[in-house]
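Please find below a colleague's note on the charged side chains of this model, set out as numbered points for your reading alongside the coordinates.

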Amino acid sequence: MRIGFLTNSLAEEAKRQGSESFRTLESVADWAAKNGFTDLECGPSLSLDEEMYAKVLDQGRISITALIYCRNYLSTDEEEAKEHLAQLRKRIEFAGRLGIEKVVTSTGIDKSIEEGIYDRDPAVKDRGNMIRRIPARSLERFADTFGPIVELAEKHGVKLCFENCPLMGNIAISPVMWSRIFERLDSKMVGLAYDPSHLVWEFMDPYEPIGEFGERIFHFHAKDTSVDRERLFRTGILTDFSWWTYRIPGRGEIDWNRIFLELKKIGYNGTISIEHEDKDYEGTLEVVERGILTSKAFLSQYL
């Protein structure tokens, strides 16, 4: 296993600060190599400059193992959905030309059929006015939409990795949904970007699914979640999300020793990609850098 990081935290902080640092892939790769990283997962904050990517890859100091682009491809705004799908295709083709192994993405979610359709579903009809989201309702449209995307990925030799975050227009949020997705998109190029942090606040086991979906775990996001139980006991899970927050690895609920034991059991030998979203390590570029480096030091003990 190799430690890398998702570039968004550095690139977006630089943009907020008005800094010229970390605005290009080359500057991010230079910092990564100097600090002992081997891999990068490149987000949309960095432009898809093919010449720049080729230059960084040719230098051989750092590997680019994934591009990430997560959007709502099933948006009810047809132009928006069309543009997002075009950007996803662009990244698959780009990755194929440059030999980048993976594209991390979401599934999309059709909100027009997800929310508040009680007359069509007797199981939820009598639950008052609570709006419930039923991800499986988007499955058919998702499968129809992504059939051609999977064919494109197969053509270019690029693995599609569905992230399991439920906050970005996504139905790939649970083991149940993963199984349904893999049944519908039966391809060796379709798998997961496994992120245990989301499973924590969704009250799912973050450990056991690693063994169950071992051959489908193509990529791994290293992020933790802390739960404020005193706050949770007052708000419950529906009032707001103030009872949980993302943390860098080691500052939350996750038993990372167990995570790595499970990854080793399945023979995972890919990237451990730090996805830094810890608010205690934001505000300046120096603090964001410290968050990434602290994460690397913590994770290194398990390799």
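The points that follow deal with salt bridges and with one charged surface patch.

1. As a caution that applies to every point below, the model is a predicted one, and pairs of side-chain atoms count only at pLDDT 80 or more. Within that limit, the structure holds 20 salt bridges, and a few of them are taken up here.

2. Arg97 and Glu50 form a salt bridge in which the closest N and O atoms lie 3.0 Å apart. This pair joins distant parts of the chain, since Arg97 belongs to helix α4 and Glu50 to helix α3 (residues 50–59), with their positions 47 residues apart in the numbering. Arg97 has a relative accessible area of 52% and is therefore classed as exposed, the cut-off being over 50%, whereas Glu50, at 32%, is partly exposed.

3. How far apart are the closest N and O atoms in the salt bridge between Asp110 and Arg141? The separation is 2.9 Å, and the pair again links distant parts of the chain, with Asp110 in the loop between β4 (102–105) and α5 (111–114) and Arg141 in helix α7 (residues 139–156), 31 residues apart. Asp110 counts as buried because its relative accessibility is 6%, which is under the 20% cut-off, while Arg141 reaches 29% and counts as partly exposed.

4. A further salt bridge is formed by Arg247 and Asp280, whose closest N and O atoms are 3.0 Å apart. Here a strand is connected to a loop: Arg247 sits in strand β9 (residues 244–247), and Asp280 in the loop between β10 (271–274) and α13 (285–300), so that the pair, 33 residues apart, links distant parts of the chain. Is Arg247 buried or exposed? With a relative accessible area of 16%, Arg247 is buried, whereas Asp280, at 44%, is partly exposed.

5. Salt bridges may also be joined into a network, as is the case for Asp195, Lys223, Glu275 and Glu277. As general background to this and to the preceding points, side chains of opposite charge can pair when their charged atoms come close.

6. Which residues form the negative surface patch? The patch is made up of Asp77, Glu78, Glu79 and Glu80. Among them, Glu80 is found in helix α4 (residues 78–98), the helix that also holds Arg97 of the pair with Glu50. Glu80 has a relative accessible area of 36% and is partly exposed; this value satisfies the patch criterion, because members must have over 30% relative accessible area and no salt bridge.

Methods
Residues numbered from 1 in each chain as written. Predicted model: local features only at pLDDT ≥ 70, side-chain atom pairs only at ≥ 80, totals over all residues. Heavy atoms only, no water. Patch = residues over 30% accessible without salt bridge, like charges linked within 9 Å, V, L, I, M, F, W, Y side chains within 5 Å. Areas by Shrake-Rupley, 256 points an atom, 1.4 Å probe, with all protein chains shown as cover. Salt bridge = Lys/Arg side-chain N within 4 Å of Asp/Glu carboxyl O. Lys, Arg positive; Asp, Glu negative; His and termini not counted. Charge placed at Lys NZ, Arg CZ, Asp CG, Glu CD. Helix = DSSP H or I, 4+ residues; strand = E, 2+ residues; numbered from the N terminus. Buried < 20%, exposed > 50% of the residue type's maximum accessible area, 1.4 Å probe, protein only.
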